[in-house]
Amino acid sequence: MEQLLRAELRTATLRPFGSLGAGCISEGRAYDTDAGPVFVKVNRRTQARQMFEGELASLEALRSTGLVRAPRPIKVFDLPGGGAAFVMEYLKMRGLSRAWAPFCDTSFLFLVQVNEWQDDWATFFIRHRLQAQLDLIEKDYGDREACELWSQLQVTIPDLFCGLEIVPALLHGDLWSGNVAEDDSGPIIYDPASFYGHSEFELAIALMFGGFPRSFFTAYYQKMPKAPGFDKRLLVYHLFNYLNHWNHFGREYRSPTLSTMRKLLK
């Protein structure tokens, strides 16, 4: 691996530092190189290149706004025997401790997300987020109750967006506290699964798993006040995240998924 990294990065210096990091999906390691420190993510799955290329494009898009800091992506390359590696700028970060205010297909964890344009957000979200997740649930689990609830629910979802003006916003796509940190210059976001969508989508996972202080949401709502029907739409965005976690991590997410579907049908 180190010989391959030297060749890909064209560096004589390649000195690992820090500890080997292992996330839910990929492993990571920091290295000193001739051009400065880098962070390398490695994944051996067959779809790793597509996943990392989506992350690279996401980081480039987020950085191009000039509004938020994110690691500078450097390159993606294939690994002998399968999988891929993704090299990016190394940033010395620490966990978030203070409040701050606020394409091509991408991957959420290891599932590819289709990001083709649709005429309206509701169609896009139902077809390429919810239905795509339910198709995987049916394929892998054959869960009859989930399918029955979805058959009732899917026809009601467009009503949640009636009369709502939605301007496509560039989203991080997986903005939970584990993908946010800071350094002395301020907040940093990373591990994105970006696409253009409804700004409210971004808040669902941030609210689901904690880690953001109340002041963060207060500042956000001052900039982006809640539109009528916000709470019900937040539930449907929670549903996507529960489905996605069910597909990635197993049946422990079945109960909150079905519970959310029932709430939406009330």
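Valine 180 faces isoleucine 189 of strand β11. This pair belongs to a predicted model. Strand β10 spans residues 180–183, and its antiparallel pairing with β11 runs over four bridges. Strands of a sheet pair through backbone hydrogen bonds, either parallel or antiparallel. Here three strands make an open sheet, ordered β6-β10-β11, with antiparallel pairing. The edges are β6 (94–95) and β11 (186–189). Each has a single partner strand, so one side of each is left without a neighbour in the sheet.

Now turn to helix α6, residues 214–223. Which of its residues are buried? They are Phe216, Phe217, Ala219 and Tyr220. These four cover an arc of only 160 degrees around the axis, which puts them on the same side of α6. An α-helix has 3.6 residues a turn, so residues three or four places apart point the same way. Arg214 and Gln222 are exposed on the other side of α6. The buried residues of α6 pack against α5 (201–208).

Both helices also feed the largest nonpolar core, each with at least two residues. That core has 51 residues. Those with the most contacts inside it are Trp121, Phe125, Leu130, Trp150, Ile157, Phe201 and Tyr237. Other elements that each supply at least two residues include α2 (48–64), β5 (84–89), α3 (121–141) and α4 (144–153). Helices α7 (230–249) and α8 (254–265) do so too. Take tryptophan 150 as one entry point. Leaving aside neighbours within four places in sequence, tryptophan 150 is in contact with Ile126, Leu130, Gln131, Leu134, Ile157 and Met261. A second, separate core has 11 residues, among them Leu5, Tyr31, Val40 and Val87.

Arginine 129 deserves its own look. This residue is found in helix α3. Is arginine 129 buried or exposed? Its relative accessible area is 0%, so arginine 129 counts as buried, the cut-off being under 20%. What does its side chain reach at 3.0 Å? The partner is the backbone oxygen of valine 114. The arginine 129 side chain also makes a polar contact with the side chain of asparagine 115, at 2.5 Å. Leaving aside neighbours within four places in sequence, arginine 129 is in contact with Gln113, Val114, Asn115, Phe124, Phe195 and Phe240.

Methods: Residues numbered from 1 in each chain as written. Predicted model: local features only at pLDDT ≥ 70, side-chain atom pairs only at ≥ 80, totals over all residues. Heavy atoms only, no water. Pairing = 2+ DSSP bridges. Buried < 20%, exposed > 50% of the residue type's maximum accessible area, 1.4 Å probe, protein only. Arc of directions from axis to C-beta. Contact = heavy atoms within 4.5 Å. Core = buried A, V, L, I, M, F, W, Y, C linked by side-chain atoms within 4.5 Å. Polar contact = N/O pair within 3.5 Å; in protein donor to acceptor, adjacent residues only side chain to side chain.
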